[in-house]
Amino acid sequence: MEKQDKLTARQRIETLLDTGTFVETDKHVVHRCTDFGMEKKHIEGDGVIAGYGKIDGRLVFVYAFDFAVFGGSLSAANAQKIEKIQKLALKNGAPIISLNDSGGARIQEGVESLTGFAKIFYQNVMASGVIPQISAIMGACAGGSCYSPALTDFILMVKGQSQMFVTGPDVVRAVTNEDVDKETLGGAAAHCSVSGVSHFLTANDEEMLMTIRELVGFIPSNNMEDSPVHPITDEVGRVCHELDNVVPQDTNIPYDIRDIIDPVCDQQYFFEVMAEFAKNIVVGFGRLAGRTVGFVANQPNFLAGALDIDASDKAARFIRFCDCFNIPLIAIEDVPGFLPGVNQEHNGIIRHGAKVVYAFAEATVPKITLITRKAYGGAYIVMNSKCIGADVNLAYPTAEIAVMGAEGACNILYRKASEEQRAEAVKEYREKFANPMPAARLGYIDDIIQPCDTRIHLIRALEMTRNKSENNPPKKHGNIPL
């Protein structure tokens, strides 16, 4: 994107909020620096615009760095403005949205500007899990400007315009001799698809701001409220006949799990989060009978839906957000296991995979699981199985719940048998385990449903669990395996 296409800081706020609702605070604040000739350079507001307004009639707080004033650098004075608006958002139980376009700490102020960042980080942590925090990266953000967004719930970036890096290309070149440009080092594409730092990739400022408005519409204002309920304009009992042909009979043929998620959602609309990162798992928001739900689904179309390090991190983070903010969880499961390999083991798939089971087990919101096909081994357990706290567990007739697939199991059980004996054993294993009946007979599956009836079964389960009340043992906080 060309630089001239960027909106000004004030235009960004006006585009984000409902027309005429923005109320600015601290508009007359100026910096207090007297070094390097700064006493002669005073601009009211000092490079940050802060205040509150409404999105679809709901209160939100917002602050925007003005890249046209001292490069959007953070001074002690505008850090004070940001801290004030953060505290107001927390006290009033409303989301806070930051529009970031900052070169980092103002060099002329030294430790004072650094201290300003520290105070902002502290408020980010205090607000975590209490009010939603959303960060828009709308330009180049370096150093301390990256860490406040990193502490928030959602980060959005603009393709070709946004960058985030702790140390810029010049420092990287000096220290490591690596020659890299801003976009390759910390551009939107890198953070949305490789690092997983960013949740949404947008084409321009306007699309980003509209995405934030849509995101806010799915989530509650704070952890004591539920998400907004939308008018039900889609038939609650709608039969989704297209689902009957989504899951192939051949377990080796992939399919797109979104072909199951989309049809069951109201208006068949699914708002995906982190679509470019760890594509073997799909997470995002939808509505069922007007109410927000969070989907966590294995994606057979990518790495066969196996869980790896990145997918585990992506899923666990999303699960915990939904649990923080009273959003019911629906797990849609088709998982052959954890991704094997030396790289995965040495980089800690055990530690990362444990985050998923921790997140699901810890969550006290309504939890529903639908098994469409494969549900093997430890991956079956971590994907919201009955014994880690799922409230309702459903399965298609095509579901296979077992320690492992038939061929792998029989290669272990009958390793000394002939090919004919193994083939017979595979057939017997499939008949016994490659269906949901054994788990259903033991009560681990509550019902075996036809795919076309998925929507009504999910809505019934959500209605049944709407008043669910569950509390974990008293503790300061758990120790999730990071």
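A charge sits over a ring if NZ of Lys or CZ of Arg is within 6 Å of the ring centre and within 35 degrees of the ring normal. I kept that rule at hand while going through this predicted model.

**Entry 1: charges over rings**

I looked up Lys6 first. Lys6 lies over the face of Phe67, at 4.1 Å from the ring centre. Then I turned to Arg287. Its charged end sits over the ring of Phe218, 4.0 Å from the centre of that ring.

**Entry 2: aromatic pairs**

How many aromatic pairs are there? I get a count of 13. I noted Tyr52 with Phe61: the pair is tilted, with 5.8 Å centre to centre and 50° between the planes. Tyr52 is partly exposed because its relative accessible area is 31%, and partly exposed covers the range between 20% and 50%. Phe61 has a relative accessible area of 3%, so I logged Phe61 as buried.

Next came Phe285 and Phe318. Their ring centres are 5.1 Å apart and their planes are at 50°, so this pair is tilted. Where in the chain do Phe285 and Phe318 sit? Phe285 is in strand E11 (residues 281-288) and Phe318 is in helix H10 (residues 309-324). They are 33 residues apart, and the pair links distant parts of the chain. Both Phe285 and Phe318 are buried.

I also traced one aromatic cluster. Phe285 and Phe318 belong to it, along with Phe154, Phe200, Phe218, Phe271, Phe321 and Phe325. I had already met Phe218 under the charged end of Arg287.

**Entry 3: the sheet**

I followed the strands of the open sheet. It has seven, in the order E1-E2-E3-E4-E5-E7-E9, with mixed pairing. Which strands are at the edges? They are strand E1 (23-25) and strand E9 (200-202), and each pairs on one side only. From one strand to the next, the twist averages 20°.

I checked two helices against the sheet. Helix H2 (residues 76-92) lies across E1, strand E2 (48-55), strand E3 (58-65) and E4. H2 runs at about 165° to E3. Helix H8 (residues 205-218) lies across E2, E3, E4, E5, E7 and E9. H8 runs at about 160° to E7.

**Entry 4: Ser135 and its partner**

I zoomed in on strand E4 (residues 96-100) and strand E5 (residues 133-137). Five bridges join them, and they run parallel. Ser98 stands opposite Ser135 in E5. The side chains of Ser135 and Ser98 share a polar contact of 3.3 Å.

Is Ser135 buried or exposed? Its relative accessibility is 0%, so Ser135 counts as buried. Leaving out residues up to four places away in sequence, I listed what Ser135 touches: Ser98, Asn100, Pro149, Thr152, Phe154, Ile155 and Leu156. Phe154 is also one of the aromatic cluster.

**Entry 5: Gln161**

Last, I looked up Gln161. It lies in the loop between strand E7 (154-158) and strand E8 (163-165). Why is Gln161 classed as buried? Its relative accessible area is 7%, and the cut-off for buried is under 20%.

What does the side chain of Gln161 reach? It reaches the backbone oxygen of Met138 at 2.7 Å. The Gln161 side chain also makes a polar contact with the side chain of Asp205, at 2.7 Å. I checked Ile120 as well: Gln161 and Ile120 are 41 residues apart in sequence and 24 Å apart in space, C-alpha to C-alpha.

Notes:
Residues are numbered from 1 along each chain as its sequence is written. This is a predicted model: local features need pLDDT of at least 70, side-chain atom pairs count only at pLDDT 80 or more; totals for chains, interfaces and linings use all residues. Side-chain values use heavy atoms; hydrogens and water are left out. Helices (H or I, at least four residues) and strands (E, at least two) are DSSP runs, numbered from the N terminus. Buried means under 20% relative accessible area, exposed over 50%, partly exposed in between (1.4 Å probe, protein chains only). A polar contact is a pair of N or O atoms within 3.5 Å; within protein, one must be able to donate a hydrogen and the other to accept it, and residues adjacent in sequence count only if both atoms are side-chain atoms. Rings of Phe, Tyr and Trp (its six-membered ring) pair if their centres lie within 6.5 Å; planes under 30 degrees apart count as stacked, over 60 as edge-to-face and the rest as tilted. Two strands pair if DSSP finds at least two bridges between them. Axes are lines fitted to C-alpha atoms, for helices over the stretch in contact, and angles run from 0 to 180 degrees between N-to-C directions. Contact means heavy atoms within 4.5 Å.
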